Amino acid sequence: TRLFAEQGYHGTSTRQIAAAAGLNIATVHHHVGTKRDLYLRVIERLCAEDRAMIDAWLSEWPAGAELDAASLRAVLLRLLDRLIERMREHPERVRLYLRRWLEPRDELTETESELSLELYAPVMAVIDDARSRGVVHLQSDAATFLRSVDWLLYGYFVAGPMDRETLRG
């Protein structure tokens, strides 16, 4: 995760991964597969951790919160607080996601999109339900709104403004 976050998927070699793990390339390839396989395992693990956080958030949902704007706002702010805390605790996640978002589309894009959409779906459902009840007055669709919030959290509030030359905040 650290190497992919620091150097990007395309900038990280299997040799670097093996050296960081204290193994030879053949051992890494035998146990993990290709660099692509390893990268996808990293992304799947991060998405599973994020999904567990969202599931925990949903399990704490107070009855009727979607019926009242103030209650819904408080519940959504708790999720934002958790996301920000996770980003502070694991800055490599932020860097990894930002690097991927800024890289050109490639053979991993489709799989990453499918995994990330699974994370958005439960929150989009909450916002869409509240919007259909008249509790939320959102002018754009929930997906656009959530991705905008996600970009703000990752791209600015946590990582800071990006330098075009070094891709660092």
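Okay, quick definition before anything else: when I say buried, I mean under 20% relative accessible area, exposed is over 50%, and partly exposed is what sits in between. Keep that in your head, because glutamate 112 comes in at 15% relative accessible area, and so it counts as buried. We'll come back to that one. Also, please remember that what's on the screen is a predicted model.

So, the overall picture. The chain has eight helices and zero strands, so if you read along the sequence you just get α-α-α-α-α-α-α-α. The C-alpha trace spans about 55 × 35 × 30 Å along its principal axes. There are 169 residues in the chain, and 37% of them count as buried. As for contacts, take those with a separation of 6 or more: 66% of them are between residues 24 or more positions apart.

Let's start at the N-terminal end, with helix 1. Its buried residues are Leu3, Phe4, Ala5, Gly8 and Tyr9. And what do the buried residues of helix 1 pack against? That would be helix 2, helix 4 and helix 6. Glutamine 7 is in helix 1 too, but at 29% relative accessible area it is partly exposed. If you skip residues up to four places away in sequence, glutamine 7 touches Thr12, Gln16 and Arg99. To give you a feel for distances, glutamine 7 and glycine 64 are 57 residues apart in sequence, and their C-alpha atoms are 46 Å apart in space.

Moving along a little, glycine 22 is in the loop between helix 2 and helix 3. Buried or exposed? Glycine 22 has 64% relative accessibility, and the cut-off is over 50%, so it counts as exposed. From glycine 22 to valine 94 you go 72 residues in sequence and 25 Å in space, C-alpha to C-alpha.

That valine takes us to helix 6, where the buried residues are Arg93, Val94, Leu96, Tyr97, Leu98, Arg99 and Arg100. You'll notice Arg99 in there, the residue glutamine 7 touches. A geometry check on helix 6: twelve residues at 1.5 Å a residue should span 16 Å, and the end C-alpha atoms are 17 Å apart, so that agrees.

Now helix 7. It has 24 residues and reaches 32 Å from first C-alpha to last, close to the 34 Å expected. There's a bend of about 35 degrees at tyrosine 120, with proline 122 following within four residues. The buried residues of helix 7 include Leu115, Leu119, Tyr120, Pro122, Val123 and Ile127. Just after the helix, glycine 134 takes a positive phi of about 85 degrees.

And here's glutamate 112 again, which is found in helix 7. Which residues is it in contact with, leaving aside neighbours within four places in sequence? Tyr39, Ile43 and Arg100.

Right, pockets, which I suspect is what you're waiting for. The largest pocket holds about 1,100 Å³ of space. It is lined by 40 residues, and the closest to its centre are Trp101, Tyr120, Leu146, Arg147 and Asp150. So the residue where helix 7 bends, tyrosine 120, turns up in that central group. Helix 4, helix 5, helix 6, helix 7 and helix 8 each give two or more residues to the lining, and helix 5 gives the most, with ten. By type, the lining divides into 28 nonpolar, three polar and nine charged residues.

The second largest pocket has about 210 Å³ of space. Of its 14 lining residues, the closest to the centre are Thr1, Leu3, Ile17, Ala21 and Leu38. We met Leu3 among the buried residues of helix 1. Helix 1, helix 2, helix 3 and helix 4 each supply at least two lining residues here, and helix 3 has the largest share, with four. This lining splits into ten nonpolar, three polar and one charged.

One element to look at on your own screens is helix 4, which lends residues to the lining of the largest pocket and also to that of the second largest. That's me done, so over to you.

Notes: Residues numbered from 1 in each chain as written. Predicted model: local features only at pLDDT ≥ 70, side-chain atom pairs only at ≥ 80, totals over all residues. Heavy atoms only, no water. 1 Å grid on protein atoms, 1.4 Å probe; cavity = no way out; pocket = protein on both sides within 12 Å on 5 of 7 lines; lining within 4 Å. Points joined across faces, edges and corners; volume = space filled by probe spheres on them. Nonpolar A, V, L, I, M, F, W, Y, C, P; charged D, E, K, R; others polar. Expected span 1.5 Å × (residues − 1). Bend = angle between axes of the 7 residues up to and from the residue. Buried < 20%, exposed > 50% of the residue type's maximum accessible area, 1.4 Å probe, protein only. Contact = heavy atoms within 4.5 Å.
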